[in-house]
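Take a walk through this chain with the model open beside you. Start with how far to trust it, then turn to the helices, the rings and the single residues.

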Amino acid sequence: MDWGTDLWDQCDVIDKHTQSGLDLVDRYIKFVKERTEIEQAYAKQIRSLTKKYAKKGSKDEQDCKFSNHASFQEILNELNDYAGQRELIAENMMTAICVELTKYLRELKQERKTYLSDAKKAQQNLESSLKHLESTKKRFAKEWAEADKATQQAEKIESDLNATKLDVEKAKQHAHARTHTAEECRNDYAAQLQKYNKEQNLYYYSEIPQIFNKLQDVDERRIRRLAEGYCQFSDIEKKVLPIISKCLEGISAAGVKINEKQDSILFIEQHKSGFERPGDVEFEDYSQGIKPATSDSSLNPPKVRTKLWTFNKKHKTSHAEKHMPPPAEDFSHLPPEQRKKRLQAKIDDITKDLQKTQDQSEALEKMKGVYEQNPQMGDPSSLEPQMTETAQNIGRLRGELAKYESWLSEAVGGEESSNTINNNTQHGVVAADQSHNIYTEFDDEFDDIEAPVGQCTALYTFEGNSEGTISITEGELLSIMEEDKGDGWMRVLRASGEEGYIPSSYVKLSP
């Protein structure tokens, strides 16, 4: 069944039906647009919410060390990622559905307009032919009536005894002319009728069916494309569901990994003062004649009295509190336990900085030695300012390290800090000794390294003429024993067992 065969006489119905289908596509596009606006607004609100409750400032960073605080931050991060997926849904719906369907709808409208215009032209041509047929028919009827009247008049004159022969001949000639004209009109009418029937047959059996079938194809293609749009509405969201599920799983995981006992221990470690609990207050016997003014207890009340209350009411900051001196450099303003932790943390930071600075010094010494052996690679004197600055930094850091270690020794009481001081001092001496013996005993130094950290291939041939360097050939496979620390050199091992330094730019790292 098709429209051209079964709906040949329903042009207006087809027109309304196809227009209704296009209106449905337009409504669906508007519906998806509003859905994307909702998604975008929802994602925006989620992002604003996560930003509002995100931790800010040093106090918040301190709280994030607790698992319940850290988990909440992870939840906010997962929720922020979730908002990103909602934005992705909106973006994909706008691109894949709204934009594409709008373009397709424009094409369908143009195609439908063309077919309806063709149908209208065919109908107008048929109507014009029918009007011409009716005009020919009327003329034929008129001329035939005039011919019949002229014939009757001629017969009447011929039967009149008073009519002359000339009048009879004249009447007959007029009747004959009228009859001839009527016959011509009859032939024109017959020809026009035949032509109209042919055009009408072509219109109803060929032109209109073809146009209606094309409109049917347009409508069916619209329906199929709209069905795909309906499916896309669901599929676009399904594609991001795995990621959304991961976000939700991350939120659940953040809740599961909270450790209340560990948080309690961490809280104790952060705020443990190390003070002993206050002892009993001694009885002051005023009945023995001791004046309150001379009483040692009244003159020097126990300092712990102000510490008895575990919870104090909040009070406004006084003028004196606002102008309190800054915290002491040795953290003596802190309780014993907190002071020791802060001092140890400071010592660890200084030790790391010292090791880093010593590594830089070693690298500069190596580079200077290479430049002295290979002047074409660089001027050794150009490194002097950097080496001087690095040496000054090492001296400064060692001074700070000794200062904080002495404070830690004071805080701990001597025994615990002596081990720390000995370890740190020994580390500093060893590092210092290494900085002065970079190019000596390479074999002994390299014996401590058992496994390479990677592989590389030589891009160019390098002649290792200076102490500590080795020669390599283009294409040679090398084992990386020590990576480039920023000085442009790396230590490698050849297949022959020879080990030494080469320029990092002369090799390509193997995957």
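**Confidence first**

Over residues 414–449 the pLDDT (the predictor's confidence in each residue, from 0 to 100) stays under 50. The model has 44 contacts beyond four places in sequence for this stretch, a contact being heavy atoms within 4.5 Å. This is a predicted model, in which local features need pLDDT of at least 70 and side-chain atom pairs count only at pLDDT 80 or more, while totals for chains, interfaces and linings use all residues. Residues are numbered from 1 along each chain as its sequence is written, and side-chain values use heavy atoms, with hydrogens and water left out.

The chain has a mean pLDDT of 82. Of its residues, 84% reach 70 or more. Confidence is highest in helix α2 (residues 11–53), at a mean of 95. It is lowest in helix α12 (residues 442–446), at 41. Residues 290–324 also fall below 50. That stretch has 17 contacts in the model beyond near neighbours in sequence.

**The fold in outline**

The chain holds twelve helices and five strands. These are DSSP runs, numbered from the N terminus: helices are H or I with at least four residues, strands are E with at least two. Among contacts with a separation of 6 or more, 71% join residues 24 or more positions apart. Of the 511 residues, 30% count as buried. Buried means under 20% relative accessible area, exposed over 50%, and partly exposed in between, with a 1.4 Å probe and protein chains only.

Now follow α4. How does its span compare with what its 93 residues should give? The expected span is 1.5 Å times one less than the number of residues. That gives 138 Å, and the end C-alpha atoms of α4 are 134 Å apart, which agrees. Even so, α4 has a kink of about 30°, centred on M94. The bend at a residue is the angle between axes fitted to the seven residues ending there and the seven starting there.

**Rings**

A search of the whole structure finds 13 aromatic pairs. Rings of Phe, Tyr and Trp (its six-membered ring) pair if their centres lie within 6.5 Å; planes under 30 degrees apart count as stacked, over 60 as edge-to-face and the rest as tilted. F140 and Y189 are stacked, because their centres are 5.9 Å apart and their planes lie at 5°. This pair links distant parts of the chain: F140 sits in helix α4 (residues 67–159) and Y189 in helix α5 (residues 165–256), 49 residues apart. F140 is buried, at 17% relative accessibility.

Y460 and Y506 form an edge-to-face pair, 5.7 Å centre to centre with 80° between the planes. They too link distant parts of the chain, 46 residues apart. Y460 lies in the loop between β1 (454–458) and β2 (477–482), Y506 in the loop between β4 (499–503) and β5 (507–509). Both are partly exposed: Y460 at 46%, Y506 at 26%. Elsewhere, ring pairs link Y28, F31, Y230 and F233 into a cluster.

**A loop asparagine and two cysteines**

N374 is in the loop between α9 (336–373) and α10 (384–412). Is N374 buried or exposed? At 4% relative accessibility, N374 counts as buried. Setting aside neighbours within four places in sequence, N374 is in contact with N465 and S466.

The structure holds zero disulfides, that is, no pair of cysteine sulfur atoms within 2.5 Å. C98 is buried, with a relative accessible area of 1%. C231 is partly exposed, at 46%.
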